[in-house]
Amino acid sequence: DKDTPIPTDRQIEVDIPRCHQYDELLSSPEGHAKFRRVLKAWVVSHPDLVYWQGLDSLCAPFLYLNFNNEALAYACMSAFIPKYLYNFFLKDNSHVIQEYLTVFSQMIAFHDPELSNHLNEIGFIPDLYAIPWFLTMFTHVFPLHKIFHLWDTLLLGNSSFPFCIGVAILQQLRDRLLANGFNECILLFSDLPEIDIERCVRESINLFCWTPKSATYRQHAQPPKPVPDSSGVRSSTPFFSTECPDPPKTDLSRESIPLNDLKSEVSPRISAEDLIDLCELTVTGHFKTPPKKTKSSKPKLLVVDIRNSEDFIRGHISGSINIPFSAAFTAEGELTQGPFTAVLQSFKGKVIVIVGHVAKHTAEFAAHLVKMKYPRICILDGGINKIKPTGLLTVPSPQ
């Protein structure tokens, strides 16, 4: 029913004349009528969701591309929203948005600690600029010709790809952001400078490939669909090129934590599953993983175990180094020189995973490294206890 008046009509009437009106199709009376019908159809057919300002922008690309087929425009929009904006349009969406922005903050710290430190110091948090980005998947900030280019890539990625686009936009404005204080940054974003969309796409793919899958885990993302392939082997196609079905949850997947705990951590957590994958460790017994063909013997990442040395000697992840938390940093926040400091420094720029058994300590240790501008720092979710049952801990031979 696209005709019966509904309470939302007034807001839709206000929004349409402001939405991508530089375009002849969308600014025509016919365009306005089509906009109205598609938006009303969406509102009526999603009784659990509500019309938020920004839905009009989200509808625009689909309406433009399917101008003579409203049903198809509506179907595209209805398929797009649950994938990238699951529960964003709940009447009370604050917990969904807050979790999203927190994960985004962690992504900035993961990829660009220097920028992250600066933005946090001046109090320029994502809540102040990124809500219209994500709520409209960038259709509120870019003209249509840029959106088509961006979305052609976005649609190949999974629901975490938008975080990488956000980081890529910040990195394009990096020099100006680093040179400015709070007020200048607010002004910069109120009228976003010209963004080179080709570069944005290229860099967001690179960021996506560097991000461990579980680092962008969200409790409020769309629940995983059952995977039709029942052989139990995870496909080896690169994540970016396929619509990745979420791997079924196992004991090694990430656990949900309260939003306040998530907000208190600067660096993202990654699952034990991801760690095993990235270390190319072979699991025995109950957790069997298909054996990997090793591409190169050079490790992709460094595991830093911050437990005390007695615990470390009792069993640790093969190849990890031990920098006990209690004595890791000087009063000035510098790294204490120890046997493994040089190893840690030589891995600057690669993925570094902090492992311990006190969550608060691992989070603090990671935060220290971010302060020291170490990129790609993450924390093992669930700590060393997650790895114990896998049979992956090694004990050094006594010598």
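1. A good place to start is the strand pairing around S6: Val-353 sits opposite Cys-378, a residue of S6. This is a predicted model, so please read everything below in that light. The pair belongs to the parallel pairing of strand S5 (residues 351–355) with S6, which is held by three bridges. Between these two strands the chain passes through H18, giving a β-α-β crossover that is right-handed.

2. S6, which covers residues 377–380, also pairs with strand S1 (residues 269–270). Here, too, the strands run parallel, and two bridges join them. One residue to look for in your viewer is Arg-269, whose bridge partner in S6 is Ile-379.

3. Next, have a look at the helix of that crossover. H18 spans residues 359–371, and Thr-362 lies in it. Is Thr-362 buried or exposed? With a relative accessible area of 4%, Thr-362 is buried, because the cut-off for that label is under 20%.

4. The surroundings of Thr-362 are worth displaying as well. Setting aside residues within four places in sequence, Thr-362 contacts Ile-306, Ile-354, Val-355, Gly-356 and Ile-379. Ile-379 is thus a name to highlight twice: Ile-379 is a contact of Thr-362 and the bridge partner of Arg-269.

5. Now to a helix pair. How do helices H4 (residues 55–65) and H9 (residues 144–154) cross? Their axes come within 11 Å, and the crossing angle is roughly 90°. H4 is therefore roughly perpendicular to H9. On the H4 side, the contact is made by Leu-58, Ala-60, Pro-61, Phe-62, Tyr-64 and Leu-65. H9 brings Leu-144, Ile-147, Phe-148 and Trp-151. Sorted by type, the residues of this contact are 10 nonpolar, no polar and no charged.

6. My last point concerns Lys-40, a residue of helix H3 (residues 29–45). You may want to check its environment by eye: Lys-40 counts as buried, because its relative accessibility is 4% and the label applies under 20%.

7. Which residues does Lys-40 touch, leaving out those up to four places away in sequence? They are Lys-2, Asp-3, Thr-4, Pro-5, Ile-6, Asp-9 and Ile-12. For one of these, Pro-5, there is also a distance to quote: Pro-5 and Lys-40 are 35 residues apart in sequence, with 9.2 Å between their C-alpha atoms.

Technical notes:
Residues are numbered from 1 along each chain as its sequence is written. This is a predicted model: local features need pLDDT of at least 70, side-chain atom pairs count only at pLDDT 80 or more; totals for chains, interfaces and linings use all residues. Side-chain values use heavy atoms; hydrogens and water are left out. Helices (H or I, at least four residues) and strands (E, at least two) are DSSP runs, numbered from the N terminus. Buried means under 20% relative accessible area, exposed over 50%, partly exposed in between (1.4 Å probe, protein chains only). Contact means heavy atoms within 4.5 Å. Axes are lines fitted to C-alpha atoms, for helices over the stretch in contact, and angles run from 0 to 180 degrees between N-to-C directions. Angles under 35 degrees count as roughly parallel, over 145 as roughly antiparallel, 65 to 115 as roughly perpendicular and the rest as oblique. Ala, Val, Leu, Ile, Met, Phe, Trp, Tyr, Cys and Pro count as nonpolar, Asp, Glu, Lys and Arg as charged, and the others, Gly among them, as polar. Two strands pair if DSSP finds at least two bridges between them. A crossover is right-handed if, with the strands pointing away from the viewer, the path from the first strand over the helix to the second runs clockwise.
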